Amino acid sequence: MKHSRGAELRNGALVVYEMVPSSSPPYVCYVTLPGGSCFGSFQLCQTKAEGRRSAAKIALMNSVFNEHPSRRINDSFIEKSVSEALASFKGNKDEADISNTGIGAFRFMLESNRGKSMLEFQ
């Protein structure tokens, strides 16, 4: 997906698995995808193989979901996200236009990533 848009693939086209050193369960694994996105296992894994499968599963789910064309950062997504943040933090609408507030920084960050997918944004 990223490669088709011209992203440089680190480590060639390899998926890299890294286990957190542990001599007993639960085992934790991280998987790094060719585009550089990293995901960790999300279950209590009793074996190292389970840890790798868990990390791979979450990476696949996130990649498919976040790379979907409907998950692009566009103007309506920005407005909806900022409105939800204002409601969540009980902020006033003016805060979204002031860059030194948390909501304003959030808006700026989204606007500077307009057109990217959620996975690229991460």
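Here are some exercises with worked solutions on a predicted model of one protein chain.

Before you start: residues are numbered from 1 along each chain as its sequence is written. Since the model is predicted, local features need pLDDT of at least 70, side-chain atom pairs count only at pLDDT 80 or more, and totals for chains, interfaces and linings use all residues, while side-chain values use heavy atoms, with hydrogens and water left out.

**Exercise 1. Confidence**

Find out where in the protein chain the confidence is lowest and where it is highest.

Step 1. Start with the score itself: pLDDT is the predictor's confidence in each residue, from 0 to 100.

Step 2. Take the whole chain. The average pLDDT is 80, and 82% of the residues score at least 70.

Step 3. Now go element by element. Helix α4 (residues 118–121) has the lowest confidence, with a mean of 69, and strand β2 (residues 29–32) has the highest, at 92.

Step 4. Keep a caveat in mind: where pLDDT is low, the predicted coordinates should not be read in detail.

**Exercise 2. Layout**

Work out how many helices and strands the protein chain has, and in which order they run.

Step 1. Fix the terms. Helices (H or I, at least four residues) and strands (E, at least two) are DSSP runs, numbered from the N terminus.

Step 2. Count them: the protein chain has four helices and three strands.

Step 3. Read off the order from the N terminus, which is β-β-β-α-α-α-α.

Step 4. Add burial, where buried means under 20% relative accessible area, exposed over 50%, and partly exposed in between (1.4 Å probe, protein chains only). Of the 122 residues in the protein chain, 30% are buried.

**Exercise 3. A cis bond**

Locate the cis peptide bond that leads to P26.

Step 1. Look at the general picture: most peptide bonds are trans.

Step 2. Check omega from P25 to P26. It's near 0°, so to speak the cis case.

Step 3. Place the residue: P26 sits in the loop between β1 (16–19) and β2.

**Exercise 4. Salt bridges**

Trace which residues are joined with R107 into one network of salt bridges.

Step 1. Use the cut-off: a salt bridge is a side-chain nitrogen of Lys or Arg within 4 Å of a carboxyl oxygen of Asp or Glu. The structure has four of them.

Step 2. Take E79 and R107, whose side chains form a salt bridge at 2.9 Å, N to O. This pair links distant parts of the chain, with E79 in helix α2 (residues 75–88) and R107 in helix α3, 28 residues apart.

Step 3. Compare their surroundings. E79 counts as partly exposed because its relative accessible area is 38%; R107, at 12%, is buried.

Step 4. Move on to E111, which forms a salt bridge with R107, with 3.4 Å between the closest N and O atoms. Both E111 and R107 lie in helix α3, four residues apart, or about one turn of the helix. Shared partners thus join E79, R107 and E111 into one network.

Step 5. For another example, try E84 and K80, where the closest N and O atoms are 3.8 Å apart. They're separated by about one helical turn because they are four residues apart in helix α2. E84 is partly exposed at 47% relative accessibility, and K80 is exposed at 54%.

**Exercise 5. Surface patches**

Identify which residues make up the patch of positive charge and which form the nonpolar patch.

Step 1. Set the rule. Patches are made of residues with over 30% relative accessible area and no salt bridge; like charges are joined within 9 Å, and nonpolar side chains (Val, Leu, Ile, Met, Phe, Trp, Tyr) within 5 Å. Lys and Arg count as positive and Asp and Glu as negative, with His and the chain ends not counted.

Step 2. For the positive patch, the residues are K48, R52, R53 and K57. K57 belongs to helix α1 (residues 48–67), and R52 lies in helix α1 too.

Step 3. Check exposure: K57 is partly exposed, with 40% relative accessibility, and R52 is partly exposed at 34%.

Step 4. Turn to the nonpolar patch. V20, V28 and Y30 form it, with about 210 Å² of accessible area together (Shrake-Rupley method, 1.4 Å probe). Y30 is in strand β2 and is partly exposed at 36%.

Notes. The place of a charge is taken as NZ of Lys, CZ of Arg, CG of Asp or CD of Glu.
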